[in-house]
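Visitor: I should like to go through this structure by question and answer. Please show it first.

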Amino acid sequence: MSSTHAKLDHAHHFNSADHEFAAGKIGMWLFLVTEIMLFSGLFVGYGIFHYIYPEMFREAHHELNKVLGSINTIVLLSSSLTMALAINAIQRDKPELAKKMLAFTFLCACTFLCIKFFEYSHKFHEGLLPGKFYSNTELKAPNAALFFSFYFVMTGIHGIHVLIGMACIAWIYIRVNRGDFDSHHYNAVEFVGLYWHIVDLVWIFLFPLLYLVV
Amino acid sequence: MSHAANVNFYKASSGLKNWLITLDHKRIGILYLYTTLLSFVIGGIFALLVRLELFTPGPTIMSQQNYNRAFTLHGAIMVFWFIIPAVPGILGNFFLPIMIGAKDVAFPKLNLLSYYLLILGMAVNLYGLMAGNGADTGWTFYTPYSIRTGANVVSMVLGVFLMGFSSILTGLNFIATTHTLRCPGMTWFRMPLFVWAIYATAVLQVFATPVIGITLLLLAAERFLGIGFFDPKLGGDPVLFQHFFWFYSHPAVYIMILPGMGIISEVLTTFSQKTIFGYKAVAASSLGLAFVSFLVWGHHMFTSGQSLVANFLFSLFTMATAVPSAVKMFNWVATLYKGSISLKTPMLFALGFLFTFAIGGLTGIFLGALSIDMHFQATYFVVAHFHYVMMGGTVVAFFAGLYYWFPKMTGKMYNEMLGRVNFVLFFIGFNITFMAQFVLGVNGMPRRYYDYLPKYTGWNQVSTVGSWIIALSVIVMLFNFIWSALHGEKAPMNPWNSKGLEWTTQSPPVLENFEHTPTVTAGPYEYGTPVHA
């Protein structure tokens with residue numbers, strides 16, 4: 001069916017490309033809602049246990065590296081900016097600029113994961129592991145393993161989202177390179193951009209909750 | 001394309017491959033039909049085994065361990081394989097686009113992906129069963145038992161996670177479809193109530209399902225890594241799992257019942273040839289139920305050590321769900337008043353629904369009342385209430401919908417006589433089975449127990465015999481559908497003289513649903529004015 005409609009710039013059941021774009025946007029925003037709901041379960045759990053064990057959370061959070069966390073926040077914020085600039089470039093028919101911006105976004109994501117890797121390996125070394133693998137003997141507060149469960153589960157699920165985002169950005173880069181998009185047809189770029197912003201936004205909440213909590 | 005426009009969608013292309021990678025919403029609906037009906041039969045077989053085991057006190061046909069597995073599989077299969085995907089997957093997929101005059105759903109590829117995520121989830125579940133130790137936790141996977149049991153819980157919860165993803169994408173697709181693909185003249189308040197109901201369901205699927213997703217991932221992490229969120233030894237709280245679980249699973253009850261309510265609105269108006277009483281109230285009550293359903297999850301935990309304030313509030317909100325439900329009930333009954341009623345099979349099921357759902361709803365108020373729930377919690381009263389709502393509500397409505405739309409989906413008429421036999425057997429069998437369980441519950445028999453005191457034997461045997469009558473009625477139904485699809489009379493375009501848009505196209509519909517995009521000029525239930533006004 002799609003082959004007979006290859007000449008059209010929109011799928012057969014839409015009236016126009018704009019119509020298809022509008023539907024896609026609704027779909028994408030709804031998907032972002034599901035992402036928020038997914039993480040909200042974790043945030044609620046975090047809130048409950050922070051309320052039950054405030055001293056433990058205070059003591060345990062000092063083990064996280066605030067400098068590396070701050071650098072990662074800046075890295076992700078910059079990547080959100082360049083992602084937005086990439087969309088803007090496509091809207092103005094500047095695919096070369098868009099490619100540069102996408103490449104920079106991708107590099108930021110790599111940097112983020114590298115820094116995360118060093119943070120994780122330090123925690124492994126110290127025995128600051130989730131739940132039953134926790135073997136650190138220096139923290140005084142009871143149940144400190146729970147804090148590191150939250151740390152690894154929350155940043156781990158976020159990290160998986162970063163990986164998926166990187167795959168999407170790479171896919172978009174290839175398509176921009178192929179000349180798939182112009183100022184009227186850039187749905188996929190916009191949708192990947194929205195996804196990348198939500199990945200950034202989740203980190204904006206994770207960073208203060210885990211690294212700066214008092 | 002022009003030549004294909006007049007050919008029905010079955011004939012548009014052939015071959016297994018064209019079915020398995022189809023992007024046509026109608027074919028995907030048919031794929032869901034086969035899959036979920038098979039699931040219903042499998043889940044039903046486990047139900048029959050559970051009932052048979054309970055025919056006598058002590059061991060009857062299986063060990064305790066296998067009994068635990070059997071009721072777990074009955075619950076999990078019926079909920080996750082059948083009742084959640086069935087109505088949106090089959091009837092929503094097939095009819096939502098046609099009823100709003102669209103050519104397809106907004107995202108056909110995503111629609112196919114939803115179907116295969118369901119299949120993948122089932123496969124992961126089956127792998128866990130084949131690889132040995134089937135889950136024995138009940139379909140609710142309560143901690144701490146689900147963490148400690150040697151059974152294969154992880155394959156169960158990861159399968160359900162995938163099926164949840166399938167459900168989310170279906171809901172997302174339907175919301176986008178309803179917003180963007182309505183044909184000219186199809187305003188929001190000209191949409192059929194089935195579309196409103198599927199829309200409200202979709203909102204629930206999108207908002208609630210991610211929470212069960214993260215909950216089940218955490219449960220899997222608990223088993224693999226011992227993260228301790230739900231484990232008191234590590235400072236966690238097992239009741240937190242119950243909160244997370246019911247935050248999804250109570251709205252999920254409305255994911256199951258709302259599409260059924262939509263079917264009832266269509267069937268009652270068609271077979272009384274009368275406009276719906278209070279269209280806007282019925283439409284709004286679907287959204288109202290969807291909203292309130294997010295505020296009542298705590299009524300599953302009245303005896304789990306919640307604070308009294310929480311118990312009081314959850315009880316209050318639970319009572320509030322009775323309001324939109326009652327709005328629907330009264331409007332349906334008022335719709336019948338002075339209608340020209342014809343008792344075809346779908347109508348019989350719809351009228352049966354009014355009885356069984358009323359019983360299910362009213363006993364829900366019993367359970368929502370704190371003082372009564374303290375006695376009935378975890379007894380057969382809860383089991384009976386749940387089945388009156390889910391089976392007496394959703395499944396009865398689902399059967400009504402299958403009979404109602406059978407001519408449109410297959411192009412053949414079903415056998416009316418067999419349909420009526422099906423209804424009578426089902427209605428009798430259902431009420432015997434579960435009315436007996438109300439009595440057992442009031443007398444204090446706990447749910448999920450393998451053994452029981454001799455004094456409960458009589459009512460248990462009544463209930464088991466009832467389950468055989470249900471099984472017989474389902475066999476009659478399946479025979480009717482298969483035989484009629486092969487040898488039934490050819491169905492006309494509009495056998496029920498309905499005003500719905502889906503009845504203005506051929507039976508079965510053409511590939512793009514309508515030969516020309518329709519323009520709607522009237523509401524969906526305006527009986528008394530001609531179809532093409």
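The exchange below turns to the interface, the nonpolar cores and the salt bridges.

Guide: This is a predicted model, in which local features need pLDDT of at least 70 and side-chain atom pairs count only at pLDDT 80 or more, while totals for chains, interfaces and linings use all residues. Residues are numbered from 1 along each chain as its sequence is written, chains are lettered from A and ligands numbered from 1 in the order in which they are written, and side-chain values use heavy atoms, with hydrogens and water left out.

Visitor: What is the area buried between chain B and chain A?

Guide: Buried area is the accessible area (1.4 Å probe) that two parts lose on being put together, summed over both. The contact (heavy atoms within 4.5 Å) involves 35 residues of chain A and 39 of chain B. Carbon and sulfur atoms give 79% of the buried area, which is about 3,000 Å².

Visitor: Which element gives the most residues to the side of chain B that touches chain A?

Guide: Helices here are DSSP runs (H or I, at least four residues), numbered from the N terminus. Those giving two or more residues to this side of chain B are H6 (153-180), H7 (193-225) and H8 (238-272). With 10 residues, the element that gives the most is H7(B).

Visitor: How many salt bridges does the rule find across the interface of chain B and chain A?

Guide: A salt bridge requires a side-chain nitrogen of Lys or Arg within 4 Å of a carboxyl oxygen of Asp or Glu. A search of the whole structure finds seven over all chains. Across the interface of chain B and chain A, the number found is zero.

Visitor: Is A:Glu119, the salt-bridge partner of A:Lys116, buried or exposed?

Guide: The side chains of A:Lys116 and A:Glu119 meet at 3.4 Å, N to O; both residues lie in helix H4 of chain A, three residues apart, about one turn of the helix. The classes are buried (under 20% relative accessible area), exposed (over 50%) and partly exposed in between, with a 1.4 Å probe and protein chains only. A:Lys116 is at 4% and so counts as buried. At 1%, A:Glu119 is likewise buried.

Visitor: How many residues has the largest nonpolar core?

Guide: A nonpolar core is a set of buried Ala, Val, Leu, Ile, Met, Phe, Trp, Tyr and Cys residues joined through side-chain atoms within 4.5 Å. B:Trp405 is one of those with the most contacts inside the largest core, and among the residues that B:Trp405 touches are B:Leu91, B:Phe194 and B:Trp503. A second, separate core has 13 residues, including B:Tyr67. The largest core has 222 residues.

Definitions and conventions. Lists of a residue's contacts leave out its neighbours within four places in sequence.
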